[in-house]
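Trainee: Before we use terms such as contact, pairing or patch, could we go through what justifies each of them here?

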Amino acid sequence: RIKQFGRFSQLLVVNSTTADTGEYSCWPRQCDRSDCGKDEERTARTFVFFSDPQELFVPSDDYYEVVQLRSDRPTTLPCQVTTPLAKVTLHREFPPEDLPVNGIEISYDLKKGFTIHHPKPSLSGSLFCMASYQNVRQISTKYMLIYINYPRAPPVATVKASVSSVHAGDNFNVTCTAVGEPEVDTEITWEYPGQEIGRPPYIQESTDVVRSGGHMQKEWVSVLLVDGARAVDEGVYTCSAQNLQGTTDVTTRVKVL
Ligand SMILES: *[C@@H]1O[C@H](CO)[C@@H](O)[C@H](O)[C@H]1NC(C)=O
Ligand SMILES: *[C@@H]1O[C@H](CO)[C@@H](O)[C@H](O)[C@H]1NC(C)=O
């Protein structure tokens, strides 16, 4: 129940349960014309534990939760306790193993759960948290961690036509080359002038591993082969190289004489 008074407001939690554990925040609302946004700087926060010695974890609807363990960012397992005095540990289900929490690779925050700072493929699988307080010991929801190799950046792409102007009837080709991390998939797609009228170009694709600046990189090459150039083939050729982190578009222009 929320009560508004002249200069303050009050939130009343009635018949509370452990599920009410968490952060409570409030902020003054000042509407400038249409902008009624939340002002982070003027937001006050407090964390409230609703403790129950028989229920050590904040309850969840799910028996298990799938968590993406992304290679490029920390992952949090939100096993949050209802009492700040509980001792919480992290475990692997199979093979059974206690995971060391040293604050560097993995840390624990009472208000958030466990954070894996440097995700590795070896951490994937089923993990759970265990809390103990007085004589009670309980386990949390199970977290199914799936490792996903995210590239650090979108691929680097270049595109080049074999000729910048071609005589009608001659053949030409346009080559797109994308370079990226070897373990990450990259997809190349094309947009070209003849596409609208369903002109079929032939596409040749290949991959290669190249050494660049001391480390291995993968190279994806896509060649668009145009047989017997026509007026409709004149225009902009766009190659899009996409990985999980984003897309790089590169273009080149071909003139038909
Ligand atoms: C709180 O619980 C009591 C007893 O179970 C019940 O009578 C009452 O209606 C509840 N109040 C609210 C606001 O749900
Ligand atoms: C593309 O065109 C150039 C110049 O005509 C030619 O040397 C090359 O072999 C062609 N590439 C392919 C894959 O056909």
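Trainee: Where in the chain is Tyr63 placed?

Mentor: In this predicted model, Tyr63 sits in the loop between β4 (44-48) and β5. Tyr63 also helps to make a nonpolar surface patch of about 530 Å², together with Tyr64, Val66, Met144 and Ile146.

Trainee: What makes these residues a patch, and which strands supply at least two residues each?

Mentor: A patch requires residues with over 30% relative accessible area and no salt bridge, with nonpolar side chains joined within 5 Å, and Tyr63, Tyr64, Val66, Met144 and Ile146 are therefore counted as one patch. Both β5 (64-70) and β12 supply at least two of the residues.

Trainee: Why are β11 and β12 called paired?

Mentor: Pairing needs at least two bridges, and β11 and strand β12 (residues 136-148) have 8, in the antiparallel sense, so they are paired. Ser126 stands opposite Met144 of β12, and in the hairpin of the two strands, which has 2 residues between them, Gln134 takes a positive phi near 50°. Strand β11 (residues 125-133) is also joined to strand β7 (residues 87-92), antiparallel, by 6 bridges, with Thr89 partnered by Met130.

Trainee: How do you know that Asn173 makes a polar contact with ligand 2?

Mentor: The limit for a pair of N or O atoms is 3.5 Å; a polar side-chain atom of Asn173 lies 2.3 Å from an oxygen atom of ligand 2, so the pair qualifies. The protein buries 37% of the 360 Å² that ligand 2 exposes when taken alone. Around ligand 2 are Ser162, Asn173, Gln204, Val223 and Leu225, a shell of 2 nonpolar, 3 polar and no charged residues.

Technical notes: Residues are numbered from 1 along each chain as its sequence is written. Chains are lettered from A and ligands numbered from 1 in the order in which they are written. This is a predicted model: local features need pLDDT of at least 70, side-chain atom pairs count only at pLDDT 80 or more; totals for chains, interfaces and linings use all residues. Side-chain values use heavy atoms; hydrogens and water are left out. A residue is near a molecule or strand if one of its heavy atoms lies within 4 Å of it. A polar contact is a pair of N or O atoms within 3.5 Å; within protein, one must be able to donate a hydrogen and the other to accept it, and residues adjacent in sequence count only if both atoms are side-chain atoms. Accessible areas come from the Shrake-Rupley method with a 1.4 Å probe; for residues, only the protein chains shown count as cover. Ala, Val, Leu, Ile, Met, Phe, Trp, Tyr, Cys and Pro count as nonpolar, Asp, Glu, Lys and Arg as charged, and the others, Gly among them, as polar. Helices (H or I, at least four residues) and strands (E, at least two) are DSSP runs, numbered from the N terminus. Patches are made of residues with over 30% relative accessible area and no salt bridge: like charges are joined within 9 Å, nonpolar side chains (Val, Leu, Ile, Met, Phe, Trp, Tyr) within 5 Å. A salt bridge is a side-chain nitrogen of Lys or Arg within 4 Å of a carboxyl oxygen of Asp or Glu.
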